[in-house]
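Please look over the sequence and the structure shown below before reading on. The report that follows is meant for a reader who is meeting this structure for the first time.

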Amino acid sequence: HKWSKHTVQQLKNQCGLIWDETAFLSESKILQLLSVPLQMEVVLMTRASLFDSVLFQRLKGCGGRVEYFATCFRLEIFVRGQGIYRIGEDSVGLFVVSKGLVSIKDHRNLIMETVVGKGEHFGKWNSERCRVNSAVAVDDCHLYRCCVEDVYQALERMSELNGVDFVKDIV
């Protein structure tokens, strides 16, 4: 099907208007413009690797709507050697590895290192929401991050799970 020059120009104009209205909006604000079923379709397509993660497999077993939880995650890219967070810092949330490896160092006893990879999650915090370990990108990484408040809110909304107890279990 060949489009006329007029149709192509109309499409370009519409895309321009959409861009002007959404260029500085966060992804979550743009998703909120869509109907809930369409939001879930977008999430299923754009965050497919999340659904294979250990965290999401556990959530599926609890009967929760994991698609809703996935809308809270944002992709962040880290380069080899870049610090993700340090012990004692305020928590910025829970991470799921989509690509690459991350070194987690626990400084409480002897320095113990754990390396996590694709499909695994990390980001422990204590009752004051401060980090209890440090994380560094071993190589270039794609990580999905969900902020602390969204973790609790999503788990409460998506099912009958007690979000606080479940978070204690997963982090």
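How many helices and how many strands are there in the protein? The model, which is a predicted one, contains seven helices and eight strands. Of the 171 residues in the protein, 37% are buried, and the accessible surface comes to about 10500 Å², with carbon and sulfur atoms providing 55% of that area. Among the contacts with a separation of 6 or more, 67% are between residues that lie 24 or more positions apart.

**The two sheets**

The strands can be followed through two open sheets, which are set out side by side in this table.

| Strand order | Pairing | Edge strands |
|---|---|---|
| β1-β8-β3-β6 (four strands) | antiparallel | β1 (74-78) and β6 (121-122) |
| β2-β7-β4-β5 (four strands) | antiparallel | β2 (83-85) and β5 (112-116) |

In the sheet with the order β1-β8-β3-β6, the edge strands β1 and β6 each pair on one side only. Strand β3, which covers residues 94-99, runs antiparallel to β6 and is joined to that strand by two bridges. Within this part of the sheet, Phe 95 has Phe 122 of β6 standing opposite.

The other sheet, with the order β2-β7-β4-β5, has β2 and β5 at its edges, and each of these strands likewise pairs on one side only. When direction is ignored, neighbouring strands of this sheet are turned against each other by 25° on average. Strand β4 (residues 102-106) pairs with strand β7 (residues 134-137) in the antiparallel sense, and four bridges connect the two. Ile 104 has Ala 135 in β7 as its bridge partner.

**A salt bridge between two strands**

Side chains of opposite charge can pair when their charged atoms come close. Which side chains meet in a salt bridge here? The side chains of Glu 76 and Arg 145 do so, with a distance of 2.5 Å from N to O. This pair links distant parts of the chain, since Glu 76 belongs to strand β1 and Arg 145 to strand β8 (residues 141-146), with the two positions 69 residues apart in numbering. The count of salt bridges in the model comes to one.

Is Arg 145 buried or partly exposed? Arg 145 has a relative accessible area of 21%, and because buried means under 20%, this residue is classed as partly exposed.

How values were computed:
Residues numbered from 1 in each chain as written. Predicted model: local features only at pLDDT ≥ 70, side-chain atom pairs only at ≥ 80, totals over all residues. Heavy atoms only, no water. Pairing = 2+ DSSP bridges. Salt bridge = Lys/Arg side-chain N within 4 Å of Asp/Glu carboxyl O. Buried < 20%, exposed > 50% of the residue type's maximum accessible area, 1.4 Å probe, protein only. Contact = heavy atoms within 4.5 Å. Areas by Shrake-Rupley, 256 points an atom, 1.4 Å probe, with all protein chains shown as cover. Axes fitted to C-alpha atoms, helices over the stretch in contact; angles between N-to-C directions.
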